[in-house]
Amino acid sequence: MSEASKKTLLLIGGGHAHVELLRQLAIEPKPQYDIALFDPSPSVWFSAMLPGVIAGHYEASAAKINLWALCQRARVRFIQAAVNEVIADLQRVKVSNGETHYFDYLSLDIGSVSRPIPSAPGAYIVPVKPIEPLLNAITEREAIRSSSLKVSVVGGGASAVEVALALAARWKDAPEKKIVLVTEGELLSQFPSRARAAALTACARLGVGVQEHMGVENIEPTRLRLSGGKQLESQITILATGSAPPELLSRINVQLADDGCISINSGLQSRSHKNIFAAGDCATNPKLNVPKSGVYAVRQGPILATNLMAMMRGKSLESYEHDERALALISLGEKRAIGTRSGWCFSGSLMWKLKNRIDRKWMADYAFVSGND
Ligand SMILES: Cc1cc2nc3c(=O)[nH]c(=O)nc-3n(C[C@H](O)[C@H](O)[C@H](O)COP(=O)(O)OP(=O)(O)OC[C@H]3O[C@@H](n4cnc5c(N)ncnc54)[C@H](O)[C@@H]3O)c2cc1C
């Protein structure tokens with residue numbers, strides 16, 4: 001088959017589901033297709049290990065997958081650039097380096113961003129994703145040793161709890177650094193009440209303040225303005241406010257779901273464009289209640305890989321079967337974690353050991369195929 005007659009599959013974003021596709025291609029490359037991956041970064045963080053990186057349990061390199069190396073093995077072209085626009089009807093993408101690329105098939109796995117909160121000029125706000133600016137903000141502030149620091153983490157879900165407690169574990173011997181969790185509801189309201197109790201105990205142990213039922217209305221340079229006219233002193237505000245669609249989804253002419261993400265069917269295929277697929281946080285199947293979480297992006301990976309190959313060969317697609325009983329593991333700063341599934345909940349160091357084993361095993365699988373072990 002000549003180069004020109006090869007079908008072109010473009011992958012946007014090296015998220016968890018695309019990483020699985022790349023892993024499969026690294027084991028069994030498909031030189032009959034022209035496949036390219038676009039990502040502004042040559043590596044992607046494995047989100048489950050981020051809190052451990054912040055707390056100092058892992059080196060950054062232990063929690064990053066080398067996309068470039070994986071692409072080399074998979075015979076996929078790696079283009080280090082963000083996609084700025086998708087013109088679905090013309091089968092073209094526009095890229096941050098000024099290029100325009102044609103596709104026969106397209107797949108998006110670009111994650112999500114933190115939901116914004118109104119702010120005043122000069123407010124120091126760091127979203128939890130992407131992680132690099134958060135890690136930079138942390139290390140820059142650490143360089144100023146003697147000064148006191150008030151950090152608020154806004155959000156009440158798993159990532160807010162994990163980031164606040166990881167920071168507290170990192171700064172255990174720096175009492176001048178104060179951390180407070182601020183949430184409009186209750187901590188971990190999506191989990192069994194024992195999970196909330198375990199998180200509150202961990203916060204008390206590590207000195208993390210907790211402000212529940214406090215909506216943040218505005219972020220100012222030295223304080224948060226809260227609902228009910230209250231204020232809270234804060235120099236750095238970390239946003240762990242749940243997921244919102246990334247900017248690219250405002251420049252893509254495919255059908256979107258009510259939450260602004262790409263509307264997909266059970267085969268992870270766009271409901272408006274049959275040659276476009278999406279998975280992970282940036283995709284929503286309106287008929288399934290799939291949380292925006294790395295666990296589910298990972299689980300969609302094998303189906304996405306199967307369906308992209310099936311589509312290119314003209315075969316029928318498989319369905320992603322959603323299982324709501326996935327084990328959720330939430331780290332508690334020190335080497336302790338909450339494990340919860342189908343209503344049961346345990347916490348302590350055994351859960352952390354389990355999480356550590358699962359996460360390291362997952363990373364090892366990708367490091368091995370990319371030759372990065
Ligand atoms: C601190 C923290 C801890 C977490 N812990 C867990 C956990 O323990 N378990 C869990 O299940 N979930 C966890 N999550 C949630 C998890 O991070 C996300 O749900 C998960 O990363 C989503 O995966 P994804 O495949 O959708 O995309 P991501 O893994 O976010 O990857 C998206 C990729 O797309 C790239 N990209 C973005 N825009 C573009 C563009 N325009 N062009 C090209 N490339 C682009 C990015 O550079 C990135 O590489 C955590 C989140 C945070 C913040």
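1. A good place to start in this predicted model is the ligand: helix H1 (16-27), helix H2 (50-55), helix H5 (158-170) and helix H7 each supply at least two residues of the shell around the ligand. In total, 35 residues surround the ligand. If you want to zoom in, the closest are Gly13, Gly15, Ser47, Gly111 and Gly280.

2. What is the make-up of the shell around the ligand in nonpolar, polar and charged residues? There are 18 nonpolar residues, eleven polar ones and six charged ones. It is also worth colouring the model by domain here, as domain 1 (3-40 + 81-112 + 245-326) and domain 2 (115-242 + 332-337 + 345-351) each give at least three residues to the shell around the ligand.

3. Next, the parallel sheet. Five strands form an open sheet in the order E5-E2-E1-E9-E21, and their pairing is parallel. Strand E5 (77-79) and strand E21 (276-278) are the edge strands, each pairing on one side only. On average, neighbouring strands of this sheet are turned by 20° against each other, direction ignored.

4. At the E5 edge, strand E2 (residues 33-38) and E5 are joined in the parallel sense over three bridges. Phe38 has Ile79 in E5 as its bridge partner. Helix H3 (residues 67-74) packs on the sheet here, touching E2 and E5, and the direction of H3 makes about 155° with that of E5.

5. Helix H7 deserves a second look. Besides supplying at least two residues of the ligand shell, H7 (residues 294-312) lies across strand E1 (7-12), E2, strand E9 (105-108) and E21. The helix runs at about 170° to E9.

6. Which strands pair with E24 in the antiparallel sense? One is strand E23 (residues 328-331), which pairs with E24 over four bridges; Leu329 has Gly339 in E24 as its bridge partner. The other is strand E25 (residues 344-348), which pairs with E24 over five bridges, with Gly348 in E25 as the bridge partner of Ala337.

7. Both connections are hairpins, and you may like to check their turns. Five residues lie between the strands in the hairpin of E23 and E24, where Gly333 takes a positive phi near 85°. The hairpin of E24 and E25 has two residues between the strands, and Ser342 in the turn has a positive phi of about 45°.

8. Finally, is strand E24 mostly covered or mostly open? Strand E24 (residues 337-341) is mostly covered, with four of its five residues buried.

Technical notes
Residues are numbered from 1 along each chain as its sequence is written. This is a predicted model: local features need pLDDT of at least 70, side-chain atom pairs count only at pLDDT 80 or more; totals for chains, interfaces and linings use all residues. Two strands pair if DSSP finds at least two bridges between them. Axes are lines fitted to C-alpha atoms, for helices over the stretch in contact, and angles run from 0 to 180 degrees between N-to-C directions. Two residues are in contact if their C-beta atoms, placed from the backbone, lie within 7 Å. A residue is near a molecule or strand if its C-beta atom, placed from the backbone, lies within 6 Å of it. Ala, Val, Leu, Ile, Met, Phe, Trp, Tyr, Cys and Pro count as nonpolar, Asp, Glu, Lys and Arg as charged, and the others, Gly among them, as polar. Domain bounds come from an automatic or database domain assignment. A residue is buried if 20 or more other C-beta atoms lie within 10 Å of its own, exposed if 12 or fewer, and partly exposed in between; C-beta atoms are placed from the backbone.
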